[in-house]
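Open the structure in your viewer and keep the selection tool at hand. The tour below goes from stop to stop, saying what to select and what is found there.

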Amino acid sequence: MVSEQKKISYKKFKLDKRLLVFCFFVLVALILWLMIKLSAEYTTNMDFTPQINNSATGGTYNNERANTLYIQIRASGFYLMRQRLIKNHTLAIDLKDKTQIPEAGQNELIKLPTSSIRDKISDILGQNIGIISIEPDTLYLRYSKPNRKKVPVVQNFTLSFEKEYRQTAAIQFEPDSIIITGPSEMLDTINEIPTVNNSYLNLNNRLETNLSLKEINNVVYSQNKVKLTIPIERCTESIVKMPISILNSPDDYSILLLPPQVEVKYVVPLKDYPSVNVDGFHIAVDYQQADSLLVNSKLRVKVYEKPEQVISVQISPEFVDYIQHKK
C-alpha cells in the first residue's frame, strides 16, 4: 500500500516538473516575442500640450486657442509603450533664438507656424523619433511682456575652516544684487536669488572665486555669476575678566550686581593680537530694560562695545543677579 502511494507521488512530481519546465519555456518565448515586437518601429499619433517661453527675454507665450499638437511619429515599440504610461504629454519649447513679432493691429497676437519649431520638437522627442506630420500647422500665441525686479544675492553654500582659522569679516558678493526679468506672476514670488549649492572645506586663506547663481525657469538674470569674497585669517583666542557697568541706573536706588564682573572670551586675528586694548570692551546691563531682560530675577549682560580688531565675543555668565537698595 505504501509502495503504491510512493509510485503515485513520484508520477505526480514528475508531471508537475514537466509542467513547470513547459511553463518556463513558454514564458521565455513570450518575453522574446515581446522584445522582438517592441524593438520594431510603428507609426502612431500622439497629442502634446505645448508650453512655450523665451528664456532670452524672460517673456512667455500664452496658447491663445488652447491648441493641442497632434504629431504623427514613427518610433520603436519601447518608446511608444513608455509614452503610453505618461498621463500628461507636454512639450516645453524655448523660442530664445527666434524673434516673434506680433501682427499689426492684433494686440501682440503671434502666428507661429509649427514647421518653424519642428526641429525643436524633434530634439525634445529624441533623435530616434521620426516626425511624419504636425497638426495644426499654426499656433496662435499672445506674448506676455516681462517685468523687471532687483533682488539680493544670498548664500547657499557651506564653509569649514582649518583649526585656528576663522572668517574675519562678512561674506561679500559683487554685485550683491541683480536685476531679474520675467513674468510678473513669477517675479512676485521671488525675493532673493541663491547661489549654487557649493562646499568650501578646510579653508586657511582668503577665498575669492566666481560663483554661479541658481537658475529659475523662465527668469532671465542681468548676470549669472557673482564674485564671492570671504576674508579668512589665522586667529587666536584670549580670555579676560571685565567689570559690568550699569546703564540707566535709577537715582533713588543703588544697584549691586552678583557677580560684578564677567569672563570675556574673544577671538582676534593673530597679527592683531598685540594691538588689542581690552579697555575697548564695554560690558553692561541696562536697568531701563529690566522688564524685557529679566530672567528669573536676573539681568542680561550685553557687549556694547569691543575693540575693532576683535572678531567675536562670548561672555560668561550671560545673566547676573542683582540687588537694589533705596538710597
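## Starting at K227

K227 has a relative accessibility of 33%, so this lysine counts as partly exposed. Keep in mind while selecting that this is a predicted model.

Show the side chain of K227 together with that of E208. The two meet in a salt bridge, with 4.0 Å from N to O. E208 belongs to strand β15 (residues 207-212) and K227 to strand β17 (residues 225-230), so select both strands; the pair links distant parts of the chain, 19 residues apart. E208 has a relative accessible area of 44%, and is therefore partly exposed.

Now add R206. Its side chain meets that of E208 in another salt bridge, at 2.8 Å from N to O. R206 is partly exposed as well, because its relative accessibility is 45% and the partly exposed range runs between 20% and 50%. With these three selected, you have a network of salt bridges that links R206, E208 and K227. Side chains of opposite charge can pair when their charged atoms come close.

## The sheet around β15 and β17

Which strands make up the open sheet that includes β17? Select β11, β17 and β15: these 3 strands form the sheet in that order, with antiparallel pairing. β11 (172-174) and β15 are the edge strands, and each pairs on one side only. From one strand to the next, the twist averages 25°.

Show the backbone of β15 and β17, which pair in the antiparallel sense over 6 bridges. Pick N210 and look across to β17: the bridge partner there is K227. K227 therefore appears twice on this tour, as its side chain meets that of E208 in a salt bridge and the residue is also the bridge partner of N210.

## A salt bridge between β23 and β26

Next, select K298 and D321. Their side chains meet in a salt bridge at 3.1 Å, N to O. K298 lies in strand β23 (residues 298-300) and D321 in strand β26 (residues 319-326), so the pair ties together parts that are 23 residues apart in sequence. Both ends are partly exposed: K298 because its relative accessibility is 28%, D321 because its relative accessible area is 31%. The protein's count of salt bridges comes to 6.

## A sheet of four strands

Move on to β10, β18, β21 and β25. These 4 strands form an open sheet in the order β10-β18-β21-β25, and the pairing is antiparallel. Why do β10 (165-167) and β25 (312-316) stand at the edges? Each has a single partner strand, so one side of each is left without a neighbour in the sheet. The twist averages 40° from one strand to the next.

Within this sheet, zoom in on β21 (residues 261-269) and β25, which pair in the antiparallel sense over 5 bridges. Label V264 and look for the residue opposite in β25: I315 stands there. Strands of a sheet pair through backbone hydrogen bonds, either parallel or antiparallel.

## The nonpolar cores

Hide the backbone and show side chains for I52, I71, L91, I121 and L125. These are the residues with the most contacts inside the largest nonpolar core, which has 22 residues. To see where the core comes from, color the elements that give two or more residues to it: β1 (41-54), β3 (69-76), β4 (90-94), β5 (109-113), α3 (118-125), β6 (130-135) and β7 (138-144). The largest share, 4 residues, comes from β3.

For the second core, select V151, F173, L187 and L211. They are among the 21 residues of this separate core.

Then go to L95, in the loop between β4 and β5. Is this residue buried or exposed? L95 is buried, because its relative accessible area is 0%. Draw a distance from its C-alpha atom to that of I52: the separation is 7.2 Å, though the two are 43 residues apart along the chain.

## Zooming out

Return to the full view and switch to the cartoon. The protein has 5 helices and 26 strands. Of its 327 residues, 31% are buried. Among contacts with a separation of 6 or more, residues 24 or more positions apart account for 72%. Finally, turn on the surface: the protein exposes about 21,200 Å², and carbon and sulfur atoms supply 50% of that area.

Note on methods
Residues numbered from 1 in each chain as written. Predicted model: local features only at pLDDT ≥ 70, side-chain atom pairs only at ≥ 80, totals over all residues. Heavy atoms only, no water. Buried < 20%, exposed > 50% of the residue type's maximum accessible area, 1.4 Å probe, protein only. Pairing = 2+ DSSP bridges. Axes fitted to C-alpha atoms, helices over the stretch in contact; angles between N-to-C directions. Core = buried A, V, L, I, M, F, W, Y, C linked by side-chain atoms within 4.5 Å. Contact = heavy atoms within 4.5 Å. Areas by Shrake-Rupley, 256 points an atom, 1.4 Å probe, with all protein chains shown as cover.
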